Amino acid sequence: MSFRIIDLSQTLSTTGMSTWPGHPSFSSYKLQDKRNVTALSFGSHTGTHLDAPSHFIANGLAIDELDLKQLFGRAVVVDVRGKGPRERIAWEDVRECEAKLGEGVIVLICTGWSRFWGTDAYRDHPFLDVEVARKLVERGVRVIGVDTLGPDEMRVGDAEVEEGVTAHEVILGAGGMIAENLRGVEEVIGLERPVVSLLPVKIGGCDGAPIRAIAFEA
């Protein structure tokens, strides 16, 4: 039996990548060995990765403590490719998918912003209104994936400090997980019964880890 697999992961590379300011970039070099062995260096939130609750939440679950069943399952894609730079994604943009939401569903937010990967424009992605995060959690959703640096508006330095709760805190605070820097999510829209796998590398006590995200028709 053969079926099509959609690769939702960005390639880890020493050039052409987008990273959060201040986070480690990806690097690699060949070791002096009789066989091919490569030393790798990167952060827990480099490239396509998964945020564990402990990324934001004190005493939250680490990446090696997660229930893997939550990271493999039926997906619902919210198509918001019409949004512009730093434009808010509101509940009205999600409402038409409401009937498909529920416990065990993985929600993918498709902004189409992965086309800007490796450029300055990638930082100006649309972002999730906190109320959307709350409503998704209320409906039983615990895993959300985005084709951007994250679900929240990117703010750095003094601008990063603002009043109120973020989408990160709402989702992770509910014991949820967030897959970030996905690519190719628009290809999932055409599937009738999409299934997604977002399994992370098992790193003890870590707040996040790389994933090889894929989607396919069940």
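Where is Asn-59 found? Asn-59 sits in the loop between strand 4 and strand 5. I start there because the residue is exposed, with a relative accessible area of 84%. Its phi is near 65°, a positive value in a residue other than glycine. Please keep in mind that this is a predicted model.

There is a second residue of this kind. Arg-86 has phi near 55°, again a positive value in a residue other than glycine. Arg-86 belongs to the loop between strand 5 and strand 6, the latter being residues 88-89. With a relative accessible area of 31%, Arg-86 counts as partly exposed.

Now the sheet. It is open, has nine strands, and the pairing is mixed. The order is 1-13-11-5-7-9-10-4-12. At the edges are strand 1, residues 5-7, and strand 12, residues 208-210; each has a single partner strand, so one side of each is left without a neighbour in the sheet. On average, neighbouring strands are turned by 30° against each other, direction ignored.

Let me take strand 5, residues 72-79, and go through its two pairings. With strand 11, residues 194-197, strand 5 pairs in the antiparallel sense over three bridges. Phe-72 has Ser-197 as its bridge partner in strand 11. With strand 7, residues 106-110, strand 5 runs parallel, and five bridges join the two. Here Val-76 stands opposite Val-107 of strand 7.

At the strand 12 edge, the pairing is with strand 4, residues 49-51: three bridges, antiparallel. Leu-50 of strand 4 has Ala-209 as its bridge partner in strand 12.

Next, the nonpolar cores. The largest one has 26 residues. Which residues have the most contacts inside it? They are Leu-8, Leu-50, Leu-108, Leu-182, Val-196 and Leu-198. Strand 5, strand 7 and strand 10, residues 177-180, are the elements that give two or more residues to this core. Strand 7 supplies the largest share, three residues. Apart from this core lies another, of 25 residues, among them Val-76, Val-78, Val-132 and Val-170. Val-76 is the residue I just placed opposite Val-107.

Back to Leu-8. Leaving aside neighbours within four places in sequence, the residues in contact with Leu-8 include Leu-108, Leu-182 and Val-196, which are also on the list of those with the most contacts inside the largest core. Leu-8 is in contact with Asn-181 too, and that residue deserves a separate look.

Is Asn-181 buried or exposed? Asn-181 counts as buried, because its relative accessibility is 1% and the cut-off for buried is under 20%. Asn-181 is placed in the loop between strand 10 and strand 11. The side chains of Asn-181 and Tyr-122 are joined by a polar contact of 2.8 Å. Outside four places in sequence, other residues in contact with Asn-181 include Gln-10, Gly-47, Thr-48, His-49, Trp-117, Val-146, Thr-148 and Leu-149.

Another polar pair involves Ser-44, in the loop between strand 3, residues 38-41, and strand 4. What does the side chain of Ser-44 make a polar contact with? The partner is the side chain of Asp-207, at 2.8 Å. Again leaving aside neighbours within four places, Ser-44 is in contact with His-49, Cys-206, Asp-207, Gly-208 and Ala-209. Ala-209 is the bridge partner of Leu-50 mentioned earlier.

That brings in the cysteines. How many disulfides does the count come to? The count is zero. Cys-110 is in no disulfide, and the nearest cysteine sulfur, that of Cys-97, is 11 Å away; the cut-off for a disulfide is 2.5 Å. Cys-110 has 0% relative accessibility and counts as buried. Cys-206, the one in contact with Ser-44, counts as buried as well, at 15% relative accessibility.

One last residue, Gly-22. Gly-22 has its place in the loop between strand 1 and strand 2, residues 27-30. Gly-22 is exposed, with a relative accessible area of 80%. How far apart are Gly-22 and Leu-68 in space, and what separates them in sequence? From C-alpha to C-alpha they are 29 Å apart, with a sequence separation of 46 residues.

Terms used. Residues are numbered from 1 along each chain as its sequence is written. This is a predicted model: local features need pLDDT of at least 70, side-chain atom pairs count only at pLDDT 80 or more; totals for chains, interfaces and linings use all residues. Side-chain values use heavy atoms; hydrogens and water are left out. Two strands pair if DSSP finds at least two bridges between them. Helices (H or I, at least four residues) and strands (E, at least two) are DSSP runs, numbered from the N terminus. A nonpolar core is a set of buried Ala, Val, Leu, Ile, Met, Phe, Trp, Tyr and Cys residues joined through side-chain atoms within 4.5 Å. Buried means under 20% relative accessible area, exposed over 50%, partly exposed in between (1.4 Å probe, protein chains only). Contact means heavy atoms within 4.5 Å. Axes are lines fitted to C-alpha atoms, for helices over the stretch in contact, and angles run from 0 to 180 degrees between N-to-C directions. A polar contact is a pair of N or O atoms within 3.5 Å; within protein, one must be able to donate a hydrogen and the other to accept it, and residues adjacent in sequence count only if both atoms are side-chain atoms.
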